[in-house]
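Hi everyone, thanks for making the time. I'd like to walk you through one model today, so please have a look at the screen while I talk.

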Amino acid sequence: MGLEKEKSETSVIMDEDEFNRSIEPILGKKPKVYSDVPDRDPNDINSHLKVGFEDIIAEPISTHSFDRVWIGSHAVFELVKYVFYRILTTFLAIPLAFIAGIVFGILSCIHIWVVMPVIHGCMMTLPSIQVIWTSLMDMFIGPFFFSIGRCLSSINIKTVQN
């Protein structure tokens, strides 16, 4: 009696759906460490400003610079765009937001308290103004143009070709 080596093959037959269901608790979704960045342009107002390096500088196939120059210029473009945007927004965002708030507040106030009441007042008085306007037209303008038409209707014009 010696050591005997025995080979045994085992296999598990399982549906793919059952397999996926069985490992879900083991490979559960990891909690997000970082939250998603909120979409600051949900209405896509500034879609025309999504400009990349390839949109500005493009080399046709017939003329290419060295690869390192292309990569370096791409990196410099993106870095300068990023840095200047951050610098300008640091100094301008709050004052411009303040000014825009004042302007839109004034416009809203004028629209709500002046423009709309005037429009509604005009819409309320228009039916009576329409009655007055129609009667003035019927009394003065209509008869005047009717008599002018009667006077001018007796004029005959004949053209003769030579």
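Let me begin with a term I'll lean on throughout: a residue is buried if its relative accessible area is under 20%, exposed if over 50%, and partly exposed in between. Please also keep in mind that this is a predicted model.

With that in hand, take K81. Its relative accessible area is 38%, so K81 belongs to the partly exposed group. Its partner E78, at 29%, is partly exposed as well. I say partner because the side chains of K81 and E78 meet in a salt bridge, 3.7 Å from N to O. The structure holds one salt bridge, so with a cut-off of 4 Å from nitrogen to carboxyl oxygen, this pair is what we have. Where do K81 and E78 lie? Both are in helix α3, which covers residues 67-152, and they sit three residues apart, about one turn of the helix.

Now let's step back to the overall layout. How many helices and strands does the protein chain have? The count is three helices and zero strands, and along the sequence that reads α-α-α. Of the 162 residues in the chain, 1% are buried.

Between α1 (16-23) and α2 (53-56) there is a loop, and D44 is found in it. I'd point you to D44 for its backbone: phi is near 55°, a positive value in a residue other than glycine. With a relative accessible area of 39%, D44 is partly exposed.

Next, a contact that brings together two parts of the sequence. H74 is placed in helix α3. H74 and F53 are 21 residues apart in sequence, yet their C-alpha atoms are 6.3 Å apart in space. As for accessibility, H74 comes out at 25%, which means partly exposed.

F53 also brings us to the aromatic residues. How many aromatic pairs does a search of the whole structure find? The search finds three. One of them is F144 with F145, an edge-to-face pair with 5.3 Å between ring centres and 75° between the planes. The two rings fall into separate accessibility classes: F144, at 47%, is partly exposed, whereas F145, at 54%, is exposed. Elsewhere, ring pairs link F53, W70 and F77 into a cluster.

On to the cysteines. The structure holds zero disulfides. For those of you looking at C109 and C151 on the screen, C109 has a relative accessible area of 41% and is partly exposed, while C151 reaches 54% and is exposed.

Last stop, the pockets. How much space lies in the largest pocket? It comes to about 690 Å³. Its lining is made up of 13 residues, and those nearest the centre are R40, L49, Y85, R86 and T89. By character, the lining divides into six charged residues, five nonpolar and two polar.

So, if you'd like to look around the model yourselves, here are three places to visit. Start at the K81 and E78 salt bridge in helix α3, move on to the cluster of F53, W70 and F77, and finish at the largest pocket, with R40 and Y85 among the residues nearest its centre. Thanks for listening, and I'm happy to take questions.

Technical notes: Residues numbered from 1 in each chain as written. Predicted model: local features only at pLDDT ≥ 70, side-chain atom pairs only at ≥ 80, totals over all residues. Heavy atoms only, no water. Phe/Tyr/Trp six-rings, centres within 6.5 Å; stacked < 30°, edge-to-face > 60°. Buried < 20%, exposed > 50% of the residue type's maximum accessible area, 1.4 Å probe, protein only. 1 Å grid on protein atoms, 1.4 Å probe; cavity = no way out; pocket = protein on both sides within 12 Å on 5 of 7 lines; lining within 4 Å. Points joined across faces, edges and corners; volume = space filled by probe spheres on them. Nonpolar A, V, L, I, M, F, W, Y, C, P; charged D, E, K, R; others polar. Helix = DSSP H or I, 4+ residues; strand = E, 2+ residues; numbered from the N terminus. Disulfide = S-S within 2.5 Å.
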